[in-house]
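Dear colleague,

Please find below the structure I am handing over to you, with its sequence. My findings follow directly after it.

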Amino acid sequence: MAPLKRVADAAVAALPDAIDPMALSLNENPFSPLPTVRSALVSAIDSVNRYPEFLPESLRRLIADRVGVAEDQVVLGAGATGVTMQLLHATTNPGDRIAMATPTFDGYPIFARMARLQPLTVALDEHGRHDLDALADAAAQARVVVLCRPHNPTGTVESADDVERFLRRVPSDTIVLLDEAYIEFVAPEFRLDGLSLIRRFPNLLVVRSFSKAYGLAGLRIGYGFGSPELTRKLWRMQLPFGMGIASLVAVAASFDAEHQLQQRIRAIAAERRLLRARLSSIGVYATDGHANFVYLPAAGKPWREVFDGTGLRVRHYDDGAVRVTVGDRSSTRAVLTAVAASRHPMVQRISQKTPG
């Protein structure tokens, strides 16, 4: 049995650290699971010899009640990415087009290739915002159009009025995927009325995730909600036994711990504001983000040259831009120290002290 134990020990040792102030590339939650969520997951371990529900009806019901829609208006998947692939498989054919911004979430070009779709890309403006008119024009030629709000990687949001005008311009036979993976970080005054939108736009699917604010990225739980006509098509693609047995207890425990969860979300949002303000104080522009990251657009010298060699793992882009996940205070200090010490042309030499 010793060799098997060594293999298991190695596998456990290879797991990522729950708390890692240098891991700032994937927009993960910097905190380990809430105590009540952890306890629920530990309790679920004794049942892993049993299959989960054939179809995740209980989890569907739980989320529908929380969102405020009927059960048949919810679909589930392995993260928001799983829901997206269900949508593409259920509503597109190879050769169809999918419209999206560029840059965008890394997954969308990959999903397009997997579903054998032709991408139509629309550039963001210099402040990382969508050109919604151009995106609506592209949507008229596509089967699916993606709108990320907050946008990944820039964190920007368009106004509710602008989004509604966009939806009115999109043809009714084009599916709109509204990606709200980071919606929990958005202040209430900037949120959309998703329930009203899906009633008035039956071609709209709102997609969300438990990976970011809820800190359950490793469990891969995502959901979407929309009109019954649309979600009925997607539910037919629901994979039998496709949601792990721990998914239901993790989500239920997270909902029960809403107060603690909101405290964490407020802490991350406050850290984001602090990081952006400190960057601004030394002359570094970051987009007006509403998620759990900051985005530094390309500005002469590639940001890769600033962060390489620092030990910080951030997400770099081909044009020289960078997206930095908001972590804890030690993460913020490490980012500010790296930027302040660099020779990047945006940095003003106000002080050589280590930023606090």
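Strand β7, residues 204-209, is mostly covered: six of its six residues are buried. From β7, L204, V206 and R208 point one way, while L205, V207 and S209 point the other way. Please bear in mind throughout that this is a predicted model.

On one side, β7 pairs with strand β6 (residues 175-179) in the parallel sense, over four bridges. Within β7, the residue that stands opposite L177 is L205. The connection between these strands involves a helix: β6, helix α8 (residues 194-200) and β7 make a right-handed β-α-β unit. Strand β7 is also joined by five bridges to strand β8 (residues 222-226), and these two run antiparallel. Here V206 stands opposite F225 in β8.

These strands belong to an open sheet of seven strands, in the order β2-β8-β7-β6-β5-β3-β4, and its pairing is mixed. At the edges stand β2 (74-77) and β4 (118-123); each has a single partner strand, so one side of each is left without a neighbour in the sheet. Direction ignored, neighbouring strands of this sheet are turned by 25° against each other on average. As a general point, strands of a sheet pair through backbone hydrogen bonds, either parallel or antiparallel.

Elsewhere in the seven-stranded sheet, strand β3 (residues 97-102) and strand β5 (residues 144-148) pair in the parallel sense over two bridges. In that pair, A99 stands opposite V145 in β5. Helix α5, residues 107-114, lies across β3, β5 and β6 and runs at about 165° to β3. Helix α9 (residues 228-235) packs on the sheet as well, where it touches β2, β6, β7 and β8. The direction of α9 makes about 35° with that of β2.

I turn next to the nonpolar cores. The largest has 58 residues, of which I63, F166, L204 and F210 touch the most other members. Leaving aside its neighbours within four places in sequence, F166 is in contact with L132, L135, A136, V145, L147 and V176. Apart from this core lies another, of 23 residues, which includes L87, Y108, A115 and L177.

A further element to note is helix α11, which covers residues 258-281 and has 24 residues. From its first C-alpha to its last, α11 reaches 34 Å, close to the 34 Å expected at 1.5 Å a residue. Which residues of α11 are buried? They are L261, I265, I268, A269, E271, R272, L274, L275 and L279. What covers these buried residues includes β9 (293-296) and α13 (329-340). Just after α11, G283 takes a positive phi of about 90°.

Strand β9 also appears in an open sheet of four strands, which has the order β1-β10-β11-β9 and mixed pairing. The edge strands there are β1 (23-24) and β9, each pairing on one side only. Strand β10 (residues 313-316) and strand β11 (residues 322-325) pair in the antiparallel sense over two bridges. The bridge partner of R315 in β11 is R323.

With kind regards

Definitions and conventions: Residues are numbered from 1 along each chain as its sequence is written. This is a predicted model: local features need pLDDT of at least 70, side-chain atom pairs count only at pLDDT 80 or more; totals for chains, interfaces and linings use all residues. Side-chain values use heavy atoms; hydrogens and water are left out. A nonpolar core is a set of buried Ala, Val, Leu, Ile, Met, Phe, Trp, Tyr and Cys residues joined through side-chain atoms within 4.5 Å. Buried means under 20% relative accessible area, exposed over 50%, partly exposed in between (1.4 Å probe, protein chains only). Contact means heavy atoms within 4.5 Å. Two strands pair if DSSP finds at least two bridges between them. A crossover is right-handed if, with the strands pointing away from the viewer, the path from the first strand over the helix to the second runs clockwise. Axes are lines fitted to C-alpha atoms, for helices over the stretch in contact, and angles run from 0 to 180 degrees between N-to-C directions. The expected span of a helix is 1.5 Å times one less than its number of residues.
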